[in-house]
Amino acid sequence: MSTADPQVPAPGDPLTEHPLLEGRHSDRAYSESLLAFVHRPAGRTWWALLGLGLAGTAVLAVAVGVTLFVGVGTWGNNIPVAWAFGITNFVWWIGIGHAGTLISAILLLFQEKWRGSINRFAEAMTLFAVTCAGLFPLLHLGRPWKFYWLVPYPSSLRAWPQFRSPLTWDIAAVGTYLTVSLLFWYVGLIPDLATARDTARTPRARFWYGLASLGWRGSAKHWRQWRTGYLLLAGLATPLVVSVHTIVSFDFAVAQLPGWHTTIFPPYFVAGAVFSGFALVLTLLIPARKALGIEHVVTPLHLDNMAKVLMATGWMVTYGYIQEHFFAWFSGNPFEMHATEAEFFGPYAPLFWMQVFCNVLVPQLFWFPRLRTNVGVLWVAALLINVGMWTERFLIVVASLSMDFLPSSWAAYRPTWVDWSLLGGTVAFFGTAFLLFLKFVPAVSVSEMKELQREVDASLQFRREQGTRPGGAP
């Protein structure tokens, strides 16, 4: 399957100390190893996890049915906490979804070679997360069957949406982002779908992969058009991601409510999206890396780079926390100052300090190089960051609403079983979709790994030639 390179580069070569690929593999070896899980029958573990995911998805269907037939009164929402788990989950899922395409698109535009091993995970994660996110605003409308009233379609009743409402901005921005993300993911898949077609073991699989690959033959014309389209979509997705999560932050920042009305929210939300997105990619990538046997293309260098990004974006989120509370104190506004004091010492203080632990202290582990490549530490840290980011969104939504301007209207919020079922059900649906993605689509880009292998070989050959020339490096 693979052959070791007989010519070992000199010690100190960065390509050997921190390899993007482990070992030397042929094109055929990459096709077989990266498509092995797709072509072979699923094992018991996969079926057990799929069954668990489908059971959780059934719970989601029940919770959605109860919400539709009985109403949002089955949720724990009250006055003044009219927004609660629904919008918390929406912001959390949309942040995770935004990060996926942002990771892939920006790394592609910067020509980062290590993106090829993680971009497929990030892009698929985007589609499933945005799908989960879109469910909550629709249910929160109260009459979700009238959702099209938010769209500016030609209406004979002249019932135009209120364009000053961030909710209508969300509909336009999230819909556009989902469309671009789907195109970006599918265009990147086309060469690998053709490889799956050519290596398929049954006529049925060959037919479906052939249909999905749109007649790809790998000609120079195909590659030229594919690269142009892929780069254009990456360039379109990058500013779109920033603008969409900025618009999501406007759901809060344009309000006059203490704890929401702050200009730090747009960049703070974008940084948090990348932070939580990288954390979820690591949460999914680490077990999948072992289960699929792809350690040769997802190496310790990839884990190290992702841990560094987590640490950097964690500092951005920390800066956002500092500025948010500094603005409240510096403004001298008694309502803003009370909201801050309530977070520190009020009824939601345990959640606030848990958020600080998960999002501020845990990423500091990655100052140590050994911990950045320790699989167990990375996975637990990524899981804690996911929990911390959900807690942050919960505090932004619920803690601010529960104590507004009038003490006489303050009220505590307690989620119901429907709230928990919607959250857990979307997590199960996300996991089910991810399992199906792993089974039917190559999780790592086969074409990019082949190209990267050639670039590594050429770089090593150049270094050897330089070392053998007079005056070259020893």
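**Exercise 1. Classify glutamine 111 by its relative accessibility, then describe its backbone.**

Step 1: Glutamine 111 has a relative accessibility of 48%, so the residue counts as partly exposed. The classes are buried (under 20% relative accessible area), exposed (over 50%) and partly exposed in between, with a 1.4 Å probe and protein chains only.

Before going on, a word on the model. It is a predicted one, where local features need pLDDT of at least 70 and side-chain atom pairs count only at pLDDT 80 or more, while totals for chains, interfaces and linings use all residues. Residues are numbered from 1 along each chain as its sequence is written, and side-chain values use heavy atoms, with hydrogens and water left out.

Step 2: Glutamine 111 sits in the loop between α5 and α6 (119–140). Helices here are DSSP runs of H or I with at least four residues, strands are runs of E with at least two, and both are numbered from the N terminus.

Step 3: Its phi is near 55°, a positive value in a residue other than glycine.

**Exercise 2. Treat leucine 214 in the same style: is it buried or exposed?**

Step 1: Locate leucine 214 in the loop between α8 (203–212) and α9 (220–253).

Step 2: Read its phi, which is near 60° and again positive in a residue other than glycine.

Step 3: Leucine 214 has a relative accessible area of 59%, so it is exposed.

**Exercise 3. Find which peptide bond at proline 80 is cis.**

Step 1: Proline 80 belongs to the loop between α4 (44–70) and α5 (85–109).

Step 2: The cis bond joins isoleucine 79 to proline 80, with omega about 20°.

**Exercise 4. Describe the surroundings of leucine 193 and arginine 393.**

Step 1: Leucine 193 is part of helix α7 (residues 166–199), and its relative accessible area of 5% makes it buried.

Step 2: Setting aside residues up to four places away in sequence, leucine 193 touches Tyr186, Tyr209, Ala212 and Ser213; a contact means heavy atoms within 4.5 Å. The C-alpha atoms of leucine 193 and serine 213 are 5.2 Å apart, although 20 residues separate them in sequence.

Step 3: Arginine 393 lies in helix α15 (residues 375–402) and is buried, because its relative accessible area is 2%.

Step 4: Beyond neighbours within four places in sequence, its contacts include Thr88, Trp92, His245, Phe269 and Ser276.

**Exercise 5. Work out how the chain as a whole is built, and where the prediction calls for care.**

Step 1: The chain contains 17 helices and zero strands.

Step 2: A compact globule of 474 residues would have a radius of gyration near 23 Å, and the chain's 24 Å agrees. This radius is taken over C-alpha atoms, and the globule rule is 2.2 Å times the number of residues to the power 0.38.

Step 3: The C-alpha trace spans about 80 × 50 × 45 Å along its principal axes, and 53% of the 474 residues count as buried.

Step 4: Among contacts with a separation of 6 or more, 81% link residues 24 or more positions apart.

Step 5: Check the confidence. The average pLDDT (the predictor's confidence in each residue, from 0 to 100) is 84, and 95% of the residues score at least 70. Over residues 1–17, however, pLDDT is below 50, and this stretch has 26 contacts beyond near neighbours in sequence. Where pLDDT is low, predicted coordinates should not be read in detail.
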